[in-house]
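Me: Please take a close look at a single helix of this model and describe how it sits among its neighbours. A connected account would be preferred to a list.

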Amino acid sequence: MLAGKTYLEIVGGFIFKERQYSDSFFLHFVGFVYQWQRYFWLGSILFLTSFTGLLAQIQDTTQAYVYRQKADYFYKGDHKNYDSALHYYDLAATHFEDAKAYQRAGNSLLRKGNCFIRKKTPQEAIPVFKKCIKVLQNIYADDDLNMISVNRNLFSAYLRSGKPFEGQPYLFKAYEIGKQHKDENLRAYAGTLETLGYFYNEIGDPNKAKQYYLEVAPIYLELLGPTSSRLSATYVNIGIQLDILGDVERSIEYFESCNQQISYNLKLKKYLFSKQNL
């Protein structure tokens with residue numbers, strides 16, 4: 001293969017090929033460095049962006065906790081001020097939502113709505129509870145147990161606003177959730193039964209009201225005991241429905257049961273008071 005070629009041609013060919021290989025390696029090396037720099041700066045930008053977002057999220061959450069503590073201070077105890085509580089619950093909910101802390105945002109909105117209920121302006125609570133549902137839907141299914149309170153409270157806001165039938169779907173939703181999860185939280189289910197009794201009493205259906213009050217009474221007896229004020233209130237409600245239906249004798253039985261409980265509770269309180277002062 002070297003026949004007919006001079007020494008210079010042969011050596012020159014090797015040098016040319018070596019330069020070709022050298023140039024090819026250099027170009028690959030430059031390309032690698034360029035790509036590495038691109039990915040490095042792109043990664044740095046993404047890191048800084050996410051880090052900045054994380055810092056903002058932490059700041060939102062920290063500020064939200066401060067607002068929440070102030071709201072709770074005005075919501076409870078001897079220093080109740082529902083206007084101030086409303087203001088801080090609203091700020092807490094906004095910051096928690098911005099930080100994607102949806103459960104805490106929903107809980108703050110629930111408290112905000114309850115402030116309107118306690119201020120006796122239930123119509124203002126309706127949009128708050130509706131927003132609470134939307135926020136909680138970011139993390140919970142519609143039939144999740146955590147959705148029971150807000151649906152029940154939304155119904156209560158409609159009822160107190162004189163619109164029981166507009167709130168009825170939310171009460172039925174709360175009842176279905178409670179029924180589905182009653183093995184997990186029997187107390188929540190009992191609350192929906194009691195509210196159903198109240199609903200049917202309000203719309204003038206004593207048979208239905210009696211049905212739900214009778215259903216919830218043994219649950220309260222099991223969960224809260226025979227001296228529970230909730231059980232006493234339920235006995236009164238059963239007695240009222242029976243009286244409306246004309247069953248006076250049975251209604252008297254439930255009223256007497258309630259009186260016995262009240263009498264027992266008074267005696268128990270007097271006894272405990274005397275023990276404390278010995």
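Reply: The model is predicted, and the description begins with the chain as a whole. The protein chain exposes about 17,800 Å², and carbon and sulfur atoms supply 57% of that area. Of its 278 residues, 35% are buried. The chain has 10 helices and 0 strands, so that the order of elements from the N terminus reads α-α-α-α-α-α-α-α-α-α. Among the contacts with a separation of 6 or more, 55% are between residues 24 or more positions apart.

The part chosen for the close look is helix H5, which spans residues 148–160. H5 has 13 residues, and the distance from its first C-alpha to its last is 18 Å, close to the 18 Å expected at 1.5 Å a residue. Just after H5, Gly162 adopts a positive phi of about 80 degrees.

The buried residues of H5 are Ile148, Val150, Asn151, Asn153, Leu154, Phe155, Ala157, Tyr158 and Leu159. Their cover includes helices H3 (102–118), H4 (122–136), H6 (164–180) and H7 (186–202).

Of these neighbours, H3 may be described further. It has 17 residues and reaches 24 Å between its first and last C-alpha, close to the 24 Å expected at 1.5 Å a residue. H3 is itself mostly covered, with 12 of its 17 residues buried. Among them are Tyr102, Leu109, Leu110, Phe116 and Ile117, together with Lys112 and Asn114. Just after H3, Lys120 has a positive phi of about 65 degrees.

H5 also contributes to the largest pocket, which holds about 500 Å³ of space. This pocket is lined by 16 residues, and those nearest its centre are Arg152, Asn153, Ser156, Arg160 and Thr195. The elements that give two or more residues to the lining are H3, H5 and H7. H5 gives the most, with 6 residues. Asn153 thus appears in two descriptions: it is one of the buried residues of H5, and it is also among the residues nearest the centre of the pocket.

Aromatic residues provide a further link between H5 and its surroundings. Ring pairs join Phe155, Phe165, Phe172, Tyr175, Tyr189, Phe199, Tyr200 and Tyr212 into a cluster, and Phe155 is one of the buried residues of H5. The count of aromatic pairs comes to 15. In one of them, Phe172 and Phe199 have ring centres 6.5 Å apart and planes at 85 degrees, so the pair is edge-to-face. Phe172 belongs to helix H6 and Phe199 to helix H7, and the pair therefore ties together parts that are 27 residues apart in sequence. The two rings belong to residues with unlike surroundings: Phe172 has 29% relative accessibility and so counts as partly exposed, whereas Phe199, at 1%, counts as buried.

For another part of the chain, Ser251 in helix H10 (residues 248–276) may be added. Ser251 counts as buried because its relative accessibility is 2%. Leaving aside residues up to four places away in sequence, Ser251 touches Gly239, Leu242 and Asp243. Its C-alpha is 7.1 Å from that of Ile238, although the two residues are 13 apart in sequence.

Notes:
Residues numbered from 1 in each chain as written. Predicted model: local features only at pLDDT ≥ 70, side-chain atom pairs only at ≥ 80, totals over all residues. Heavy atoms only, no water. Helix = DSSP H or I, 4+ residues; strand = E, 2+ residues; numbered from the N terminus. Expected span 1.5 Å × (residues − 1). Buried < 20%, exposed > 50% of the residue type's maximum accessible area, 1.4 Å probe, protein only. Contact = heavy atoms within 4.5 Å. Phe/Tyr/Trp six-rings, centres within 6.5 Å; stacked < 30°, edge-to-face > 60°. Areas by Shrake-Rupley, 256 points an atom, 1.4 Å probe, with all protein chains shown as cover. 1 Å grid on protein atoms, 1.4 Å probe; cavity = no way out; pocket = protein on both sides within 12 Å on 5 of 7 lines; lining within 4 Å. Points joined across faces, edges and corners; volume = space filled by probe spheres on them.
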